[in-house]
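Reader: I would like a close look at one part of this model. Please take me through how the protein copies relate and what lies around the DNA.

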2 protein chains.
Amino acid sequence: MGLTIYDIAKEAGVSASTVSRVINARPGIKKSTRERVEKILRDSNFSVSEAARGLVNQTSRMLGILVSDIRNQHHIEGAYMIEQHFMKKGYCSLILNAGDTDESRAEYIRILSSRRVEAAVLIGSVFQSEKVRKAIIDYMPTTPIVFQNGEFDLSNVSSVVADETEGTAEAVRYLYNQGRRNIAYINSNDTPSNRKKIAGYDKACAELGLESILSVSGDSAEESADTTEHLLSEHPELDAIIYAVDLLCVGGARRLLDLGKSIPKDIALIGTDNSPFSILANPRLSTIDTKLFELSSACSDILEKAIENPSYTEHVVIRPSLVLRETT
Amino acid sequence: MGLTIYDIAKEAGVSASTVSRVINARPGIKKSTRERVEKILRDSNFSVSEAARGLVNQTSRMLGILVSDIRNQHHIEGAYMIEQHFMKKGYCSLILNAGDTDESRAEYIRILSSRRVEAAVLIGSVFQSEKVRKAIIDYMPTTPIVFQNGEFDLSNVSSVVADETEGTAEAVRYLYNQGRRNIAYINSNDTPSNRKKIAGYDKACAELGLESILSVSGDSAEESADTTEHLLSEHPELDAIIYAVDLLCVGGARRLLDLGKSIPKDIALIGTDNSPFSILANPRLSTIDTKLFELSSACSDILEKAIENPSYTEHVVIRPSLVLRETT
DNA sequence: GAAATTTTTGAAATCGATTGCAAAATTTTT
DNA sequence: AAAAATTTTGCAATCGATTTCAAAAATTTC
């Protein structure tokens with residue numbers, strides 16, 4: 001297929017070693033030979049096989065980024081930052097959707113190990129499972145890994161997590177201080193991350209002596225609208241709802257408006273994540289900002305240090321903050 | 001670092017060839033040896049080095065997906081479909097942000113060539129440049145490439161494009177038929193794709209004897225809001241605006257509402273792309289659906305055939321359709 | 001039970017780079 | 001101009017797989 005350094009060597013009348021030295025700017029090559037080889041290199045559109053190079057050097061210059069769903073703005077934002085940052089250093093990123101079962105997610109760890117990635121990033125709390133943990137122990141026991149939004153107690157795994165429990169509790173307290181006394185929570189899928197949010201909701205309700213009103217919605221705006229309407233019919237006294245995800249909040253807001261409710265006068269709404277579209281929504285969403293950007297950039301920083309020094313790990317907790325806009 | 005087949009071979013008391021045969025399910029291995037080797041393979045958590053394998057087999061089982069900005073829902077949706085589809089076939093996807101200059105985009109072609117990807121996908125009309133074209137000729141002259149939303153007249157490049165000219169013209173005609181006579185167009189960045197849209201707008205205006213009122217906005221919702229307001233102050237007679245991007249339409253809608261305009265009574269709005277959030281917006285956006293899904297799945301289909309038969313190419317044009325919701 | 005046939009296995013070459021070491025070429029010193 | 005020192009270059013081994021070809025082992029045939 002492509003040219004090899006042997007082709008270049010023959011053309012230049014030198015050995016492959018010399019070509020290799022020119023390519024890698026090694027010293028001890030006569031200026032005239034270097035220039036001759038360089039010219040041929042340029043004219044022939046040669047490109048080094050990274051696979052062959054990696055085999056010798058025991059490196060791949062590849063990163064593995066595992067996300068549960070790349071279409072999620074949330075996840076892609078993290079993948080983007082890391083990809084951009086490491087591309088500048090000559091690393092390519094294998095960005096993979098890790099499927100939706102623990103088996104499949106564990107399998108992806110094996111795939112990354114087969115590709116000999118130099119480091120990996122796990123984005124999303126769904127990776128928190130015994131199967132994935134075991135796969136890491138089996139297949140990547142020493143590869144630096146950064147887990148965004150989850151933790152493993154393993155010597156090669158760093159973590160960057162948002163304190164979602166506290167973030168959600170904070171939202172409840174805020175609503176309480178605004179005089180709301182009937183605060184419901186609408187959850188999405190059952191993930192470790194969402195369990196932490198609910199823990200925060202329950203904790204704050206207990207603290208404040210409020211009734212905990214929990215409901216679960218499918219993960220589309222439309223389903224959330226239905227869930228919201230249904231919840232309201234069962235609890236007409238509701239004066240605030242917190243949603244586990246901004247998208248659900250948008251769906252709920254829309255339906256409440258259609259039902260003639262006034263937001264936030266009749267009912268206050270708080271979403272979660274401060275997703276890009278939350279500020280585009282009408283009304284603009286108040287939301288629990290899980291500090292996606294900080295999370296991702298912390299991952300990127302840790303990864304960088306860990307690639308330098310594979311035994312480096314770090315555990316970062318980032319505290320969410322409340323962003324108040326038009327729904328509270 | 002990891003185990004090699006030689007380690008496995010020693011452990012099993014056989015040669016590396018035998019291990020290789022077992023791994024690849026080649027025939028002619030005694031059942032008892034096969035089972036012994038398989039057991040060791042399982043117990044040792046061995047994983048084949050794809051790089052070494054690729055070197056021998058002259059394959060990489062990697063795909064290159066170049067996008068101009070992975071955070072763009074638009075682009076990521078395409079990358080997602082392709083990644084998902086080919087992962088099932090054992091391919092890993094290098095998803096790369098190709099930067100924002102023609103030089104950098106061309107450079108990424110070289111990077112993919114260095115990684116010896118078996119096929120590549122270009123997502124976004126911005127790749128339509130002489131530099132990229134030359135990079136393809138130089139570095140990937142025979143690698144199957146599918147260009148989503150652009151074309152190169154090269155024997156290895158397939159294309160899947162939306163007929164944005166016609167799609168936009170269609171939107172103008174629709175508004176005209178609804179009785180609108182003062183239809184403006186707000187464009188975003190100057191890209192080949194956006195130029196096609198404007199061509200369609202201008203064409204339809206000419207056909208219908210309308211004045212062409214063109215304005216350009218920055219690419220945030222806020223900037224679009226400002227542009228919209230400014231445009232309206234200069235052309236108070238406006239009764240419809242088409243936006244090159246849904247996001248801009250959301251920004252515009254919001255500002256118009258704030259200015260006390262009624263949508264669509266006073267002024268009708270049409271976005272472009274049918275982005276996921278366009279249906280979440282309030283009011284729900286009418287939009288020119290550029291058939292992202294069809295586009296991506298056509299790319300995926302072509303890619304599949306092209307990997308089988310590297311000289312296969314195809315050129316697909318998909319016609320956008322108008323999705324009418326609450327802003328018209 | 002020896003010969004012929006078939007099945008199973010391993011040695012060695014290969015893929016495309018990199019690198020240590022020794023040989024060749026060049027320059028410096030005498 | 002020869003010897004010594006230095007610079008430049010190439011040979012060969014290596015990375016971790018796969019595959020061809022021939023040898024060894026097992027099976028069948030006579």
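Author: In this predicted model, chain B superposes on chain A after a rotation of 180 degrees, with 0.0 Å of shift along the axis. The RMSD of that fit is 0.1 Å. This is the relation of a two-fold axis. The same surface serves both copies: 100% of the contact residues of chain B recur in chain A.

Now turn to DNA strand D. There are 30 residues around DNA strand D. A:S15, A:R21, B:T4, B:I5 and B:S20 come nearest. On the DNA side, sugar and phosphate make up 67% of the strand D atoms that come within 4 Å of the protein.

Which helices supply this surface? From chain A, α2 (16-23) and α4 (50-57) each give at least two residues. From chain B, α1 (5-12), α2 (16-23) and α4 (50-57) each do so too. The top contributor is α4(B), with five residues. By type, the residues of the surface near DNA strand D split into 12 nonpolar, 13 polar and five charged.

Three single contacts show how the protein meets parts of the strand. Start with the phosphate. A polar side-chain atom of A:T33 sits 2.8 Å from a phosphate oxygen of DNA strand D. Next comes the sugar or linking part. An N or O atom in the side chain of B:N57 is 3.3 Å from a sugar or linking oxygen of DNA strand D. Last, take a base. Here the protein atom belongs to the backbone: an N or O atom of A:V56 lies 3.4 Å from a base oxygen of DNA strand D.

Notes. Residues are numbered from 1 along each chain as its sequence is written. Chains are lettered from A and ligands numbered from 1 in the order in which they are written. This is a predicted model: local features need pLDDT of at least 70, side-chain atom pairs count only at pLDDT 80 or more; totals for chains, interfaces and linings use all residues. Side-chain values use heavy atoms; hydrogens and water are left out. Copies are superposed by least squares on the C-alpha atoms of residues with pLDDT of at least 70 in both. Contact means heavy atoms within 4.5 Å. A residue is near a molecule or strand if one of its heavy atoms lies within 4 Å of it. A polar contact is a pair of N or O atoms within 3.5 Å; within protein, one must be able to donate a hydrogen and the other to accept it, and residues adjacent in sequence count only if both atoms are side-chain atoms. Helices (H or I, at least four residues) and strands (E, at least two) are DSSP runs, numbered from the N terminus. Ala, Val, Leu, Ile, Met, Phe, Trp, Tyr, Cys and Pro count as nonpolar, Asp, Glu, Lys and Arg as charged, and the others, Gly among them, as polar.
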